Amino acid sequence: MDYELLCAQVRAFAGADGWYVPLLSNVAALIYDAMEDLNWAGFYIMRGGKLVLGPFQGKVACIHIPVGKGVCGTAVAQDRTQLVPDVHAFPGHIACDSASNSEIVVPIHSGGAVVAVLDIDSPSLGRFSDADRVGLEDVVKVIEEVAVFG
């Protein structure tokens with residue numbers, strides 16, 4: 001995966017419109033098309049104290065996720081990336097899609113608070129590496145710099 005190119009593409013899309021809805025929609029599509037072996041790539045947005053389904057590519061997903069629950073909610077509660085090689089071994093995993101076996105979730109910040117998460121699922125165990133974590137955290141840094149939330 002060429003994360004440097006992905007970061008450049010995110011900046012280019014933000015140049016057309018930085019509002020988070022179209023930006024995250026295109027980022028989800030870019031990731032889903034560029035990364036191999038995925039069944040879901042997208043975003044959950046903080047709204048009313050919980051995560052709410054945002055732009056995504058893939059199978060039908062959970063609409064609401066409480067903070068502290070599942071991989072996404074844990075990423076918000078701990079404010080750190082969750083790289084999970086086997087979601088079935090993750091305490092409190094929420095099975096939105098029974099085909100998912102591994103997951104990575106990266107918190108997104110605006111104004112000093114977590115406003116969303118990038119969530120990517122794979123049907124393969126151990127799909128995501130530390131290099132993916134670093135690359136996706138770089139993508140999120142670009143989103144944090146260019147996206148307009150609110």
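**A walk through the predicted chain, starting at D37**

D37 sits in the loop that links helix 2 (20-34) to strand 1. The model shown here is predicted. The phi angle of D37 is near 65°, a positive value in a residue other than glycine. Is D37 buried or exposed? D37 is partly exposed, because its relative accessible area is 34% and partly exposed residues fall between the limits of 20% and 50%. E36 is found in this loop between helix 2 and strand 1 as well. E36 counts as exposed, because its relative accessible area of 66% is over 50%. E36 can also be related to the start of the chain: E36 and M1 are 35 residues apart in sequence, and their C-alpha atoms are 8.5 Å apart in space.

From this loop the view can widen to the whole chain. The protein chain has 4 helices and 6 strands. Read from the N terminus on, these elements follow the order α-α-β-β-β-α-β-β-β-α. The radius of gyration of the protein chain is 14 Å, close to the 15 Å that the globule rule gives for 150 residues, so the chain is as compact as a globular protein of that length. The C-alpha trace spans about 40 × 35 × 25 Å along its principal axes. Of the 150 residues in the protein chain, 47% are buried. Among the contacts with a separation of 6 or more, 52% come from residues 24 or more positions apart.

The surface can be described in a similar way. The protein chain exposes about 6900 Å², and carbon and sulfur atoms supply 53% of that area. The chain carries 9 positive and 18 negative charges, and the mean positions of these two groups are 8 Å apart.

Next come the strands, beginning with the one that follows the loop of D37. Strand 1 covers residues 40-47, and 6 of its 8 residues are buried, so strand 1 is largely enclosed by the rest of the structure. Which sense does the pairing of strand 1 and strand 2 take? Strand 2 (residues 50-58) pairs with strand 1 in the antiparallel sense, over 7 bridges. Within this pairing, M46 stands opposite L51 in strand 2. The two strands form a hairpin with 2 residues between them, and G48 in this hairpin takes a positive phi near 60°.

Strand 1 also has a partner in strand 6 (residues 113-122), and these two strands pair in the antiparallel sense over 6 bridges. Here F43 stands opposite L118 in strand 6. Strand 1 is thus paired with strand 2 and with strand 6.

Strand 6 leads on to strand 5. Strand 5 and strand 6 run antiparallel and are joined by 9 bridges. H109 has V114 in strand 6 as its bridge partner. These strands form a hairpin too, with 2 residues between them, and G111 in the turn has a positive phi of about 60°. How many of the residues of strand 5 are buried? Strand 5 (residues 102-110) is mostly covered, with 7 of its 9 residues buried.

Strand 5 also pairs with strand 4 (residues 82-84), to which 3 bridges join it in an antiparallel arrangement. In this pairing Q82 stands opposite V105 in strand 5. The pairings can now be followed from one strand to the next: strand 2 pairs with strand 1, strand 1 with strand 6, strand 6 with strand 5, and strand 5 with strand 4.

Two loops around strand 4 remain to be visited. D79 lies in the loop between helix 3 (70-78) and strand 4. Although D79 is not a glycine, it has a positive phi of about 50°. D79 is partly exposed, and its relative accessible area is 40%.

The loop between strand 4 and strand 5 contains I94. I94 is partly exposed, with a relative accessible area of 30%. Which residues does I94 touch, not counting those up to four places away in sequence? I94 touches C62, I65, K69 and G70. I94 and V71 are 23 residues apart along the chain, and their C-alpha atoms are separated by 7.5 Å.

Terms used
Residues are numbered from 1 along each chain as its sequence is written. This is a predicted model: local features need pLDDT of at least 70, side-chain atom pairs count only at pLDDT 80 or more; totals for chains, interfaces and linings use all residues. Side-chain values use heavy atoms; hydrogens and water are left out. The radius of gyration is taken over C-alpha atoms; the globule rule is 2.2 Å times the number of residues to the power 0.38. Buried means under 20% relative accessible area, exposed over 50%, partly exposed in between (1.4 Å probe, protein chains only). Contact means heavy atoms within 4.5 Å. Accessible areas come from the Shrake-Rupley method with a 1.4 Å probe; for residues, only the protein chains shown count as cover. Lys and Arg count as positive and Asp and Glu as negative; His and the chain ends are not counted. The place of a charge is taken as NZ of Lys, CZ of Arg, CG of Asp or CD of Glu. Two strands pair if DSSP finds at least two bridges between them.
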